[in-house]
Amino acid sequence: LKACNKCTDERKDQPIVGLVIIRNLSKNGKEFSGGDIVDPDTGSIYRCKVWTTDGGKKLMVRGFIGFALIGRSQTWEREGE
(Lines give C-alpha, C1' and ligand atoms only; values in the text may rest on other atoms or scores of the structure.)
Protein backbone atom coordinates (compact mmCIF):
# COMPACT_ATOMS: atom_id res chain seq x y z
CA LEU A 1 0.00 0.00 0.00
CA LYS A 2 1.11 3.52 -0.79
CA ALA A 3 1.78 5.62 2.31
CA CYS A 4 1.90 9.36 3.04
CA ASN A 5 5.70 9.37 3.34
CA LYS A 6 6.00 13.13 2.82
CA CYS A 7 3.42 14.08 5.48
CA THR A 8 4.98 15.96 8.39
CA ASP A 9 2.31 15.48 11.06
CA GLU A 10 0.74 12.40 12.68
CA ARG A 11 -0.28 11.18 9.21
CA LYS A 12 3.36 10.51 8.27
CA ASP A 13 3.86 6.98 6.92
CA GLN A 14 0.15 6.18 7.27
CA PRO A 15 -1.50 4.31 4.37
CA ILE A 16 -3.20 6.71 1.94
CA VAL A 17 -6.24 4.41 1.71
CA GLY A 18 -8.27 5.37 4.77
CA LEU A 19 -6.14 8.46 5.54
CA VAL A 20 -7.98 11.46 6.99
CA ILE A 21 -7.44 13.98 4.17
CA ILE A 22 -9.76 16.76 5.43
CA ARG A 23 -10.16 17.50 9.15
CA ASN A 24 -11.29 20.02 11.77
CA LEU A 25 -13.99 21.72 9.69
CA SER A 26 -16.80 23.69 11.35
CA LYS A 27 -20.17 24.58 9.84
CA ASN A 28 -20.32 28.20 8.77
CA GLY A 29 -23.67 28.88 7.06
CA LYS A 30 -23.93 26.66 3.99
CA GLU A 31 -20.24 25.74 3.97
CA PHE A 32 -17.73 24.10 6.26
CA SER A 33 -14.44 25.90 6.93
CA GLY A 34 -11.65 26.39 9.43
CA GLY A 35 -9.99 23.05 8.85
CA ASP A 36 -7.19 21.74 6.70
CA ILE A 37 -6.55 19.36 3.83
CA VAL A 38 -3.39 17.39 3.09
CA ASP A 39 -2.00 16.55 -0.35
CA PRO A 40 -0.68 13.02 0.28
CA ASP A 41 1.60 13.20 -2.78
CA THR A 42 3.57 16.19 -1.46
CA GLY A 43 2.73 16.21 2.26
CA SER A 44 1.64 19.85 1.93
CA ILE A 45 -1.14 20.99 4.27
CA TYR A 46 -3.55 23.74 3.22
CA ARG A 47 -6.44 25.53 4.89
CA CYS A 48 -9.71 24.54 3.28
CA LYS A 49 -13.42 25.05 2.98
CA VAL A 50 -16.05 22.80 1.40
CA TRP A 51 -19.67 23.10 0.30
CA THR A 52 -22.11 20.99 -1.68
CA THR A 53 -23.78 21.70 -5.01
CA ASP A 54 -26.16 19.90 -7.33
CA GLY A 55 -28.43 18.82 -4.51
CA GLY A 56 -25.57 17.33 -2.49
CA LYS A 57 -24.21 15.23 -5.37
CA LYS A 58 -21.05 17.31 -5.71
CA LEU A 59 -18.63 18.47 -3.03
CA MET A 60 -16.70 21.64 -3.85
CA VAL A 61 -13.31 21.64 -2.12
CA ARG A 62 -11.17 24.78 -1.93
CA GLY A 63 -7.62 24.50 -0.59
CA PHE A 64 -5.60 27.65 0.02
CA ILE A 65 -2.70 29.29 1.79
CA GLY A 66 -3.62 32.46 3.64
CA PHE A 67 -6.68 33.85 1.85
CA ALA A 68 -9.29 31.74 0.08
CA LEU A 69 -8.80 33.87 -3.05
CA ILE A 70 -5.32 32.39 -3.50
CA GLY A 71 -5.81 28.67 -3.91
CA ARG A 72 -7.26 25.87 -5.95
CA SER A 73 -10.72 24.33 -6.15
CA GLN A 74 -11.78 20.82 -7.06
CA THR A 75 -15.17 19.20 -7.55
CA TRP A 76 -15.55 15.78 -5.94
CA GLU A 77 -18.47 13.68 -7.18
CA ARG A 78 -20.14 10.65 -5.63
CA GLU A 79 -19.63 7.42 -7.54
CA GLY A 80 -22.54 5.21 -8.47
CA GLU A 81 -25.22 7.88 -8.29
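The residues that line the largest pocket divide into eight nonpolar, two polar and four charged. Here Ala, Val, Leu, Ile, Met, Phe, Trp, Tyr, Cys and Pro count as nonpolar, Asp, Glu, Lys and Arg as charged, and the others, Gly among them, as polar. The model is predicted: local features need pLDDT of at least 70 and side-chain atom pairs pLDDT 80 or more, while totals for chains, interfaces and linings use all residues. Residues are numbered from 1 along each chain as its sequence is written, and side-chain values use heavy atoms, without hydrogens and water.

**The largest pocket**

This pocket holds about 360 Å³ of space. A pocket is an open set of points on a 1 Å grid over the protein atoms alone, where a 1.4 Å probe fits, with protein on both sides within 12 Å along at least five of seven lines; lining residues have an atom within 4 Å of a point. There are 14 lining residues, and Ile37, Asp39, Tyr46, Arg72 and Gln74 lie nearest the centre. Two or more lining residues come from each of β3 (31-38), β5 (58-64) and β6 (71-77). Strands are DSSP runs (E, at least two residues) numbered from the N terminus. β5 gives the most, with four residues.

**Salt bridges**

A salt bridge is a side-chain nitrogen of Lys or Arg within 4 Å of a carboxyl oxygen of Asp or Glu. The count comes to seven; the table shows three of them.

| Pair | Closest N to O |
|---|---|
| Arg23 and Glu10 | 2.3 Å |
| Asp36 and Arg23 | 3.0 Å |
| Lys49 and Glu31 | 4.0 Å |

Lys49 lies in strand β4 (residues 45-53) and Glu31 in strand β3, so this pair ties together parts that are 18 residues apart in sequence. Asp9, Glu10, Arg11, Arg23 and Asp36 are linked in a network of salt bridges. Within the network, Asp36 is buried, with a relative accessible area of 14%, whereas Glu10 is exposed at 56%. Buried means under 20% relative accessible area, exposed over 50%, and partly exposed in between (1.4 Å probe, protein chains only).

**Positive phi**

Most residues other than glycine have a negative phi. Asp13, in the segment before β1 (22-23), has a positive phi of about 65° and is partly exposed, at 47% relative accessibility. Asn24 has a phi near 65°, also positive. This residue lies in the loop between β1 and β2 (26-28) and is exposed, with a relative accessible area of 56%.

Conventions
Points joined across faces, edges and corners; volume = space filled by probe spheres on them.
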